[in-house]
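Please look at the structure below and work through a few questions on one of its helices and on the ligand.

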Amino acid sequence: MGQPEQPEGVEESTGAQRPPLRVGMVGYAFMGAAHSQGWRTAGRVFDLPLRPELAVICGRDAAAVRAAADRHGWAAAETDWRDLIARDDVDLVDICTPGDSHAEIALAALAAGKHVLCEKPLANTVEEAEAMASAAETAYERGQLAMVGFNYRRVPATALARQMVADGRIGTLRHVRVSYLQDWLVDPQAPLTWRLRRELAGSGSLGDLGAHIVDLAQYLAGEPLAGVSALTETFVRERPLPGGAARGLSAATAAGTGQVTVDDAALFTGRFASGALASFEATRYATGRKNALRLELNGARGSLAFDLERLNELWFHDGTEPDTHAGFRRILVTEPDHPYVEAWWPPGHGLGYEHTFVHQARDLVHAVAEGRRPDPSFADGLQVQRVLAAVEESAEKNSVYTPIAV
Ligand SMILES: NC(=O)c1ccc[n+]([C@@H]2O[C@H](COP(=O)([O-])OP(=O)(O)OC[C@H]3O[C@@H](n4cnc5c(N)ncnc54)[C@H](O)[C@@H]3O)[C@@H](O)[C@H]2O)c1
């Protein structure tokens, strides 16, 4: 699992003289806006070997996609992703749609010779993810890359945590404790948006939030999970139908109700081959918690802790220090020597959520220019999908320990 490389220095120009990497993006709502920000900004902040160009954006509503193109800075707009893929002025297809269309779009884009960035979870089923990983492997032989959008690897503090684990700063890993807590479904009148429908989202909190923390836990541990035991629950089984387009996680309601067909919460424990134990909690019912991705790693020599709601901070306990003055201390991850930070602001000036998408674009551009496999690859996305499937299987079988397929 790769570490972000530090750029040589801050470039004064916008890299206009560099060859372009022409991006075509499908979907223009929440992730579409975040990825637009990433593609727009990466080449202005980092010294990149290729210049990301916001070439074409795609959505199904002609007027709405044109407005999104203007707002986010895209040169052209299409209303069918097949037309976007068919264009010869697109080098990379960025998939920002719900999971039900990831496989079809990614497979077509790879077959058409494009690089692909696909939002998480990679697909809605293991079978789809297998087809995508296999197509990505074949495409790699032709020089095409495929990456999955687990952007929380690109928070400077989580990237630093990975470096510290790899450097042995916390010693042999014993515990990985991760939770991802949101509360936007606490209200039983919150509408039945696509995230609550299995045929569109694949699963609920599990695939949406659980996919992130499974990837992050494995990335930080440096190894895959071997097996899991799980509980899942759907607390509110019927909700008002949505009215109009969703905004972020919310939407207006319309007359009538429909069935929630995904989990509302997923709790599971896991085991790594090394013997370390992990626990996971993913929920949209943690009243008061907005986007609290929290993790703690305990090793034989020390511990690390992180909370996405305070994302410039990493907490470190060095267990080799004398008990008299040992304790968790806060590392403010804003120094130029910290991952990704050199190109940004002076120490203490802080980064936020959106910067993870700039870093994602930066890392993918480097991988494309160097022709090397990006992290996380579609194979990594498939492996996470297998963990999600094992969680569902275990939950269906009264939490029986379920090995992760390889
Ligand atoms: N990395 C993260 O932190 C993060 C955060 C949120 C969502 N996501 C993932 O991003 C993806 C999109 O989620 P979102 O929150 O942006 O959803 P959203 O509802 O805000 O946006 C989805 C977009 O896809 C478009 N769309 C749907 N089907 C389409 C089709 N067939 N052709 C063209 N456009 C189509 C919609 O019109 C909309 O613009 C999902 O896979 C989700 O899990 C990732």
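The questions and answers below concern a predicted model.

Q: What distance should helix α1 (residues 30-45) span?
A: Helix α1 has 16 residues, and the rise is taken as 1.5 Å a residue. The end C-alpha atoms of α1 are 22 Å apart, which agrees with the expected span of 22 Å.

Q: Which residues in α1 are buried?
A: A residue counts as buried if 20 or more other C-beta atoms lie within 10 Å of its own. What covers such residues of α1 includes β1 (20-26), β2 (51-58), α2 (62-72), β4 (92-95) and α9 (355-370). The buried residues in α1 are M31, G32, H35, S36, G38, W39, A42 and G43.

Q: At what angle do α1 and α9 pack?
A: Two packed helices are described by the angle between their axes and the distance between the axes. The axes of α1 and α9 are 7 Å apart, and their crossing is right-handed. The packing angle of α1 and α9 is about 60°.

Q: Which residues in α9 does α1 meet?
A: From α1, the contact involves A34, H35, Q37, G38, W39, T41, A42 and V45. By class, the contact of α1 with α9 has 8 nonpolar, 5 polar and 1 charged residues. The residues met in α9 are F357, V358, Q360, A361, R362 and V365.

Q: Which element gives the most residues to the shell around the ligand?
A: The ligand is surrounded by 22 residues, and the closest are G27, A29, F30, M31 and E119. By class, this shell has 10 nonpolar, 8 polar and 4 charged residues. With 3 residues, the element that gives the most is α1.

Key: Residues are numbered from 1 along each chain as its sequence is written. This is a predicted model: local features need pLDDT of at least 70, side-chain atom pairs count only at pLDDT 80 or more; totals for chains, interfaces and linings use all residues. Helices (H or I, at least four residues) and strands (E, at least two) are DSSP runs, numbered from the N terminus. The expected span of a helix is 1.5 Å times one less than its number of residues. A residue is buried if 20 or more other C-beta atoms lie within 10 Å of its own, exposed if 12 or fewer, and partly exposed in between; C-beta atoms are placed from the backbone. Two residues are in contact if their C-beta atoms, placed from the backbone, lie within 7 Å. Axes are lines fitted to C-alpha atoms, for helices over the stretch in contact, and angles run from 0 to 180 degrees between N-to-C directions. A crossing is left-handed if the near helix is turned anticlockwise from the far one by less than a right angle, and right-handed if clockwise. Ala, Val, Leu, Ile, Met, Phe, Trp, Tyr, Cys and Pro count as nonpolar, Asp, Glu, Lys and Arg as charged, and the others, Gly among them, as polar. A residue is near a molecule or strand if its C-beta atom, placed from the backbone, lies within 6 Å of it.
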